[in-house]
Amino acid sequence: MPERHLHLNAFLMGVGHHEAAWRHPLTDAAALPDVRHFRNLARIAEHGTFDSVFLADGVQVWGDIEHTAAQVFEPITLLTAIAGATSHIGLIATVSTSYSEPYNVARWFSSLDHISGGRAGWNIVTTAGDRSAQNFSRDAAADHAERYERAAEFVDITNRLWDSWDAGALVVDKRTGVYADPGKVRELGHTGRFYQVRGPLNSIRSPQGRPLLVQAGSSEDGKTFAAQHAEAVFTAHQTLDSAKAFYTDLKARVTEQGRDRDAVKVLPGIVPVLGATQAEADRLARELDELIVPVRAVRQLSEMIGVDLTGHPLDRRLPQLPPVQRVNGAKSRFELVRDLAERERLTLRQILSRLGGGRGHQVVAGTPDTITDHIQTWFEQGAADGFNVMPPLLPHGLEQFVETVVPRLRDRGLFRTHYTGSTLRDHYGLSNLAPAAV
Ligand SMILES: Cc1cc2nc3c(=O)[nH]c(=O)nc-3n(C[C@H](O)[C@H](O)[C@H](O)COP(=O)(O)O)c2cc1C
């Protein structure tokens with residue numbers, strides 16, 4: 001039985017995951033539009049032998065323009081630039097199934113996989129929120145269930161497009177002039193509820209065949225989708241119990257689909273607020289907390305859970321929230337916030353402080369030892385196959401993590417000391433389970 005190792009994904013977001021990161025003296029907001037900043041982050045993560053780096057994405061301005069550090073880069077473009085500055089680390093980009101066409105998306109990831117030598121991954125999102133829809137000639141987002149139905153048809157098509165060229169399709173015979181064997185390249189002839197795609201893809205099979213498929217929704221529909229299609233799942237949990245319940249549920253759904261339970265890796269988020277001592281970590285957490293601009297935080301929370309909380313008094317508890325069935329935004333994040341507020345009887349101001357670090361992902365302030373303990377506990381108690389590491393400040397927090405937590409994880413035999421493969425699927429232990437190169 002091979003040793004079980006953690007998978008670590010570096011979730012890169014601007015100059016840090018804390019919503020006020022750009023205001024902290026340890027960050028440089030001028031780095032946001034600078035590709036060198038992101039290349040540097042990826043190199044730090046690669047030095048720490050992380051499995052992958054990951055970029056989230058939306059198709060609208062996030063939060064309010066006045067107080068929010070703006071996202072500058074579109075992920076596929078940025079990861080293509082990062083590919084040339086790294087050699088092993090996986091490159092996971094978010095692309096929405098609601099506002100793109102399968103043929104475009106299949107090409108983008110095929111290109112990234114070719115350029116990076118087999119390191120591409122796709123975080124498949126359905127995109128909640130009407131503001132995004134309004135950038136694409138629509139008034140409102142489609143219903144939650146319809147978004148996932150569209151996503152299922154979308155991914156079925158992209159998979160078939162990536163498979164439309166067999167690995168052995170190229171002949172390249174200079175003498176006869178035969179470049180490719182048309183018998184090894186197939187049309188799709190797809191006609192479904194949402195899409196009509198003829199195919200084949202206009203790109204030869206890429207090193208991984210298909211990019212690693214990642215999914216990040218945790219509602220009922222989200223979990224069903226993940227069990228059918230995903231190979232890694234990003235998820236947000238506030239407690240060990242909630243993460244364990246999610247992990248158990250998702251793995252059961254995966255086996256119900258006839259898939260190997262290890263074919264899907266579950267990665268909850270962790271925001272490590274590190275200090276040499278607990279007092280130092282707590283001080284950093286407090287400093288960050290004090291930089292939150294409440295009016296902005298309320299707007300972001302309203303957008304995130306799909307319920308308008310602007311104007312609600314900060315020192316009161318939340319108003320009566322609608323039943324989750326009526327929420328058309330991110331259902332699992334809505335439930336996370338509702339449960340947190342009820343469990344701990346929090347006021348709106350306290351909720352903003354709890355969410356400021358990681359938008360619902362668990363924030364752990366501590367020393368390298370306590371954070372290593374935390375990771376080990378979740379890993380060994382059936383809550384995680386690895387973690388989405390979300391440093392509050394970048395690059396500072398990622399450097400700290402790589403210098404202090406990674407060596408401890410290695411000493412405990414929980415994490416690799418060097419890369420043993422070259423593709424993203426290799427790192428996630430999915431090479432054997434990868435779609436066959438026919
Ligand atoms: C770690 C993580 C990263 C995510 N990144 C994105 C993203 O980049 N873009 C996006 O639209 N949604 C993103 N989401 C949101 C999910 O795709 C999904 O909409 C949300 O979790 C709610 O899904 P649900 O309605 O199935 O619960 C992310 C979620 C998680 C946990």
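Helices here are DSSP runs of H or I, at least four residues long, numbered from the N terminus. With that in hand, welcome to a few close-ups of this predicted model.

**View 1. Helix 10 gives the most to the shell around the ligand.** Its share is three residues. Helix 10 spans 331-344, and it is joined by strand 4 (120-125), helix 5 (144-162) and strand 10 (232-235), each supplying at least two residues of that shell.

**View 2. The ligand sits among 23 surrounding residues.** Asp-57, His-144, Tyr-148, Ser-219 and Ser-332 are the closest. Sorted by class, the shell holds 12 polar, eight nonpolar and three charged residues.

**View 3. Oxygen atoms of the ligand meet polar atoms of the protein.** In the side chain of Ser-332, a polar atom lies 2.5 Å from a ligand oxygen. For Tyr-148, an N or O atom of the side chain is 2.6 Å from an oxygen of the ligand. Lys-331 takes part through its backbone instead, with an N or O atom 3.0 Å from a ligand oxygen. The ligand exposes 620 Å² when taken alone, and the protein buries 90% of that.

**View 4. Helix 9 packs against helix 11.** The axes of helix 9 (residues 294-305) and helix 11 (residues 348-356) are 10 Å apart, at an angle of about 80°. The two helices are therefore roughly perpendicular, since angles of 65 to 115 degrees count as such. From helix 9 come Pro-294, Ala-297, Val-298, Leu-301 and Met-304, which meet Leu-348, Ile-351, Leu-352 and Leu-355 of helix 11. This contact has nine nonpolar residues, with no polar and no charged ones.

Technical notes: Residues numbered from 1 in each chain as written. Predicted model: local features only at pLDDT ≥ 70, side-chain atom pairs only at ≥ 80, totals over all residues. Heavy atoms only, no water. Axes fitted to C-alpha atoms, helices over the stretch in contact; angles between N-to-C directions. Parallel < 35°, antiparallel > 145°, perpendicular 65-115°, else oblique. Contact = heavy atoms within 4.5 Å. Nonpolar A, V, L, I, M, F, W, Y, C, P; charged D, E, K, R; others polar. Near = heavy atom within 4 Å. Polar contact = N/O pair within 3.5 Å; in protein donor to acceptor, adjacent residues only side chain to side chain. Areas by Shrake-Rupley, 256 points an atom, 1.4 Å probe, with all protein chains shown as cover.
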